[in-house]
Amino acid sequence: MFERFFNSQNPLWQVMNTVFDLFVLNTLWLICCIPVVTIGPATTGAYYALIQRARGEQTEIHKDFFRSFRQNLKQGMLIGVILTLIGIFLAVDIYMCRVSGKGVFTFFLFFFGVIFLFWAMTTLYTFPILAKFERKTKEIFIWAFTLSIKNIFNTLVMLFVIGAGLWLCRILPGLIFIMFGLVTQYCATVFAGIFKPWLPKPWYLEEENEGGAPDGSVPTDNTYADFDEAAFYGYDPEEVEKMMHEEDSDE
């Protein structure tokens, strides 16, 4: 009985291990967000670690976090500053329209509210994309907006979950030490499914196809995946390749 209770495969210990990992990740994220301008790379690191976990590729969660944090520090800071300034601008406009009364201000309140929703949707996808795909900042914004629209149901559900998490933290401030980890864990699981068509197979599936790793070791992760732009924009990769061969033959 005691052996089964203290077995590492016991569901209770697995849940406790997951909660502890999320607490560690949440704490690292809070510490790395203290300079404010590093909120972007810190969020990117958290998403990278949890998407790895969702795909069964994680090593140690703090190592995955800091690996992505270091690699995306400059770009993450730039993206974070841009999104923050846009968000502040929209929030101020909404507030001013709200306190200015009715009439034309009601129209602008609705207008800026819709723009704010699109901003929130794009922001939601930006850092997970930065975590898994190495692209220019402009391309990341375009892909974030496009994916948020293509997966509108999942997008709205994730925004609701984030909003509910913020509301709970307002009621119980102590939840700030775990809530980000819980919410990001859910979102990362959704993103792992959304990104699946453009991500390589998890390492353990590739090893199974090759007969398995002889030493049972986990190969070093290639942080970024090759983003299949043709598939992303809805083209059949085989048709694109066929067209390219035809153009080469014509030349």
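How many nonpolar, polar and charged residues does the lining of the largest pocket have? The structure examined is a predicted model, in which local features need pLDDT of at least 70, side-chain atom pairs count only at pLDDT 80 or more, and totals for chains, interfaces and linings use all residues. Residues are numbered from 1 along each chain as its sequence is written, and side-chain values use heavy atoms, with hydrogens and water left out.

The protein has 12 helices and zero strands, assigned as DSSP runs (helices H or I, at least four residues; strands E, at least two) numbered from the N terminus. Of its 251 residues, 36% count as buried, that is, under 20% relative accessible area with a 1.4 Å probe, protein chains only.

The lining of the largest pocket comprises 22 nonpolar, nine polar and no charged residues. Here Ala, Val, Leu, Ile, Met, Phe, Trp, Tyr, Cys and Pro count as nonpolar, Asp, Glu, Lys and Arg as charged, and the others, Gly among them, as polar. A pocket is an open set of points on a 1 Å grid over the protein atoms alone where a 1.4 Å probe fits, with protein on both sides within 12 Å along at least five of seven lines; lining residues have an atom within 4 Å of a point.

The largest nonpolar core (buried Ala, Val, Leu, Ile, Met, Phe, Trp, Tyr and Cys residues joined through side-chain atoms within 4.5 Å) has 43 residues. Helix 9 gives the largest share of this core, 10 residues. Tyr125, Ile129, Phe191 and Phe195 have the most contacts inside the core, contact meaning heavy atoms within 4.5 Å.

Technical notes: Buried < 20%, exposed > 50% of the residue type's maximum accessible area, 1.4 Å probe, protein only.
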